Amino acid sequence: MRDRLRYALFVSAAVFGAGVFAAFVFFESPGLGIAHFLYVAIILAAVAGGPWIGASAATIATAMYATGVLINPDIPSSEVVTMSTAIRFVTYVSVGVVTGYFANRNQALMKELELLAERDALTGIPNTRAFERAITERLSRQEPFALLIGGVDSFEEHMRRGKLHADDVLRHVANRLQHALLPGDEVARVGNDQFAILTYAAGATDAGRISAKLQGVLATDGHSVTFGWASFPQDGSNALLLFRAADERLYARRVIRRQPTVLGVSDAVG
């Protein structure tokens with residue numbers, strides 16, 4: 001999106017500059033000031049490319065002005081070598097550089113804000129907004145992957161010990177998950193005590209194995225977290241179906257973990 005906008009600005013600068021040049025050649029007369037509209041082309045280029053592009057556009061604009069003076073029969077050619085041309089060059093470059101500088105700063109600030117908008121304030125990992133984009137990208141590739149949903153068990157008990165304690169638990173779980181995942185895997189906090197993970201898995205069995213492994217890793221740190229999972233495309237063809245399947249498995253596995261002897265099954269059952 002940002003690249004398309006930059007391209008559109010560059011094209012607009014070129015088209016507008018060419019139009020101003022043509023108008024200058026055919027309609028300019030002493031004192032009319034059509035060349036002042038070249039500032040617009042310089043500003044468009046500077047916004048798109050930064051200070052160096054702005055300065056380059058200003059240099060081109062000055063050359064266009066000088067060429068237009070030479071071509072236009074109503075303007076004395078001696079105007080090219082006057083101090084006004086030098087002043088015009090300086091003002092063109094100043095506008096290009098200053099505009100480009102602040103445009104770059106604004107773009108850097110926007111990137112920072114976008115990053116913050118997609119980060120969970122408590123844990124520092126991606127939030128629901130970022131995760132929705134990530135799963136959409138995975139779906140667009142049409143390659144197998146697994147969605148894991150992990151919920152911190154007995155989170156209400158952690159809350160009863162105080163919000164600071166509960167927040168520490170969430171931060172520790174998020175940090176442990178980040179270090180336990182493979183390169184290319186993605187994790188996000190998608191609920192009060194829930195985390196979502198995108199990882200490669202050939203099918204539901206593979207996803208269940210990864211979930212059991214993560215539960216074991218977290219258990220060694222004293223954190224009881226239950227995972228549900230869904231695999232694409234077996235369990236769903238879109239994000240909603242995958243989330244629903246993973247959430248249902250999460251709920252079922254929590255029941256199994258709380259009542260293993262009654263149900264007669266082990267924690268490894270998916």
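## The four-stranded sheet

Two strands are taken to pair if DSSP finds at least two bridges between them. In this predicted model, four strands form an open sheet in the order β2-β3-β1-β4, and their pairing is antiparallel. The edges of the sheet are occupied by β2 (186-189) and β4 (225-232), and because each of these has a single partner strand, one side of each is left without a neighbour in the sheet. On average, and with direction ignored, neighbouring strands are turned by 20° against each other.

The pairing of β1 with β4 can be followed at the level of residues. Strand β1, which covers residues 145-152, runs antiparallel to β4 and is joined to β4 by eight bridges. Within this pair, Leu147 stands opposite Ala230 of β4.

## Helices on the sheet

Two helices are described against this sheet. Helix α8 (residues 204-220) packs on the sheet through contacts with β1, β3 and β4, and the direction of α8 makes about 160° with that of β4. Helix α5, for its part, lies across β1, β2, β3 (194-199) and β4, running at about 25° to β3.

Ile135 offers a view of the surroundings of α5, since this residue is found in that helix, which spans residues 128-141. Is Ile135 buried or exposed? Its relative accessibility is 1%, and because buried means under 20%, Ile135 counts as buried. When residues up to four places away in sequence are not counted, Ile135 touches Phe145, Leu147, Leu198, Ala239, Leu242 and Phe243. Leu147, one of these contacts, is the residue that stands opposite Ala230 in β4. By contrast with these contacts, the C-alpha atom of Ile135 is separated by 42 Å from that of Ala55, a residue 80 places away along the chain.

## Backbone features in the loops

Three loops carry backbone features that deserve attention. In the loop between α5 and β1, Gln142 has a phi near 60°, a positive value in a residue other than glycine; with a relative accessible area of 57%, Gln142 is exposed. In the loop between β1 and α6 (155-160), Ser154 likewise has a positive phi, of about 50°, although Ser154 is not a glycine. The relative accessible area of Ser154 is 34%, so this residue is classed as partly exposed.

The remaining feature concerns a peptide bond. The bond from Phe232 to Pro233 is cis, with omega near 10°, and Pro233 has its place in the loop between β4 and α9 (239-258).

## The packing of α2 and α3

Another part of the model concerns a pair of helices. Helix α2 (residues 38-49) packs with helix α3 (residues 51-71) at an angle of about 155°, and the axes of the two lie 7 Å apart. Because an angle over 145 degrees counts as roughly antiparallel, α2 is roughly antiparallel to α3. The crossing of α2 and α3 is right-handed.

Which residues make the contact between α2 and α3? On the side of α2 they are Leu38, Ile42, Ala45, Ala46 and Gly49, while α3 contributes Pro51, Ile53, Gly54, Ala57, Ala58, Ala61 and Met64. By character, the residues of the contact of α2 with α3 divide into 10 nonpolar and two polar, with no charged residue among them.

Terms used. Residues numbered from 1 in each chain as written. Predicted model: local features only at pLDDT ≥ 70, side-chain atom pairs only at ≥ 80, totals over all residues. Heavy atoms only, no water. Buried < 20%, exposed > 50% of the residue type's maximum accessible area, 1.4 Å probe, protein only. Contact = heavy atoms within 4.5 Å. Axes fitted to C-alpha atoms, helices over the stretch in contact; angles between N-to-C directions. Parallel < 35°, antiparallel > 145°, perpendicular 65-115°, else oblique. Left-handed = near helix turned anticlockwise from the far one by under 90°. Nonpolar A, V, L, I, M, F, W, Y, C, P; charged D, E, K, R; others polar.
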